[in-house]
Amino acid sequence: MTKDDTRRTEVLIVGGGPAGMLLALFLDRHGVKSVVFNTEEGVPTHPRGSTHNSRTMEHYRRLGISGPIRKLGLPPDHPRDAAYFTRLSGWEIARYRMPSQVESERLIAATPATDQIPEPMHRADQIRVADFLLKHARKRSNIELRFGWQADRFSQDADGVALMARRVADGRSEQWQARYLVGCDGGQSAVRRALGIRYSGYDRLEQAFLGGRMISTYLRAPTLYRDYLGQRRAWMYWVVNPELRSTLFTLNGEDEFMFYTKPKGSDAPPDDAAIRDALFRSIGAEAPVEFIGHQPWIAGAALVAERFADRRILLAGDAAHLFTPAGGFGMNTGIDDVANLSWKLTAMLRGWGGKLLLDSYEGERKPIALRNTRAARAIARQVGVLDIPAGVEEDSPTGAEQRQELGAQVSTYLGTQFAPIGIELGARYDGSFIVASDEAAPTDSIVQYIPTGQPGGRTPHSWLGAGRGIGDSLYDRLGIGFTLLRLGPKPADGAGLAETARITGVPLDILDVVDTATRDLYGADLVLVRPDQHIAWRGAKSPDDASTIIARVVGG
């Protein structure tokens, strides 16, 4: 590891997808240098998930990029609804309403100070967001990009990690050395496999729809809005009738769509004619269409790596857990992984992290991966199995009654599928050895989030400014490292915590919030917030054992 031609950085990141790019950006925010290796020279050309949930949007906000990302995807006035139809030219049977960007901004402006959603969910396909992240990362001085480079092999010892990388275009190689390596290289992760770490769980779910082998088709259909969708716009269109089931997502609110179908054969390649036929039957008529690309995938996966780390090499994103897309949890869970991991790597690199701190990464994130993959699979089961009446398309009293029954059946799970706010904001690290608390874990829920100052969970939100823009949120005023919140009109000073942090080199800011409603939300006068915005400790007075608390929350 000491050859003169070896290049050096602090963290090597294998994989330039959402998790890898966000890890690099988080590390950059902490002043840590990284290199991102990605086999492909550019961003993906086939759309994947388009759900950036509220927690992910909060992470983007911390990085200063939530505003630009909100400009991607659907037009500001386009509804984010999910709607069910017999056919796109037929009957609408159910709709879950979700506000457009314009409507969300109006709703936020009227929210009370302790409203918990400063950043509503956003819909923008990964092609557009990935392109933005790549361009943004190129401007960051701490990030070096190696797109079009294959990470061939790596090794580690007590001092660090060595990586041999090869440029795909011409075979040119580079030797790199760093303190840590993170595999963010997807479900087929070469890093995970090289470490001998296996997935455990379910690799598929066999059912009528959203189960087993599926085909995702990226297409352009210039007349769909004009002829069928313009007066009943939605973000996602589900087609259900006795003949077929399919799903259509709008990508730009104009002419680009992603189309999900389940092929008849389990191994046959995507067939243009069959998919065109399925699209026309989903519409109920023929229409101009251009296929841009097809991609097979397996629905129903709920897989979690047996381990998230091997000494100085760690896993994040799809390399650590693989989801079925129901609920939109996959990418968002990966981004939450790297929000957790980035500050811990920083602490170890800067010398204020305890010897056990990195062990807490798997201890905190693996239970969340298990929770979220199970939730996604449960939602997929609900969505995939529907009792579709034979006469649901009839223009008759019987048909109307059957459509009402089918709509009621669908409505039983729409909130779970499209508004899982408990999954989005309710991730908790109860029982983690770096959370200074012995309080019992609160009840978990997919669809409900109850803010609490109990250590382990997300820091409850509060608007501190008169407005509802950047700078007005409590989150905008937290430090990059730890933050000690002193709450209420007459809080304890917390001097012992601040002094211990100073002596031990732990970065800590102090934020005074005199608002009584915010203090009541937290149920304490003093709250110690981690760099990832989770609560590490709370108390009604300055602790007598400040040194013990600081040592614990940094893994000492």
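## Exercises on the predicted model

The protein has 17 helices and 26 strands. The model is predicted, so let us work with it in that spirit.

**Exercise 1.** Work out how the radius of gyration of the protein stands against the globule rule.

*Solution.* Start with the radius of gyration, which is 24 Å. Next, take the globule rule for 556 residues, which also gives 24 Å. The two values are close, so the protein is as compact as a globular protein of that length. To add the dimensions, the C-alpha trace spans about 75 × 60 × 40 Å along the principal axes.

**Exercise 2.** Find what share of the residues is buried, and describe the exposed area and the contacts along the sequence.

*Solution.* First, 58% of the 556 residues count as buried. Then turn to the surface: the protein exposes about 22200 Å², and carbon and sulfur atoms supply 49% of that area. Finally, take the contacts between residues at least 6 apart in sequence: 74% of them join residues at least 24 apart.

**Exercise 3.** Determine how helix 9 is oriented relative to helix 10, and which residues make the contact.

*Solution.* Helix 9 covers residues 330-350 and helix 10 covers residues 359-384. Their packing angle is about 170°, with the axes 10 Å apart. Angles over 145 degrees count as roughly antiparallel, so helix 9 is roughly antiparallel to helix 10. On the helix 9 side, the contact is made by Thr-333, Asp-336, Asp-337, Asn-340, Leu-341 and Lys-344. Helix 10 contributes Ser-360, Tyr-361, Glu-364, Arg-365 and Asn-372. Sorted by class, this contact has five charged, four polar and two nonpolar residues.

How values were computed:
Residues numbered from 1 in each chain as written. Predicted model: local features only at pLDDT ≥ 70, side-chain atom pairs only at ≥ 80, totals over all residues. Heavy atoms only, no water. Axes fitted to C-alpha atoms, helices over the stretch in contact; angles between N-to-C directions. Helix = DSSP H or I, 4+ residues; strand = E, 2+ residues; numbered from the N terminus. Parallel < 35°, antiparallel > 145°, perpendicular 65-115°, else oblique. Contact = heavy atoms within 4.5 Å. Nonpolar A, V, L, I, M, F, W, Y, C, P; charged D, E, K, R; others polar. Rg over C-alpha atoms; globule rule 2.2 N^0.38 Å. Buried < 20%, exposed > 50% of the residue type's maximum accessible area, 1.4 Å probe, protein only. Areas by Shrake-Rupley, 256 points an atom, 1.4 Å probe, with all protein chains shown as cover.
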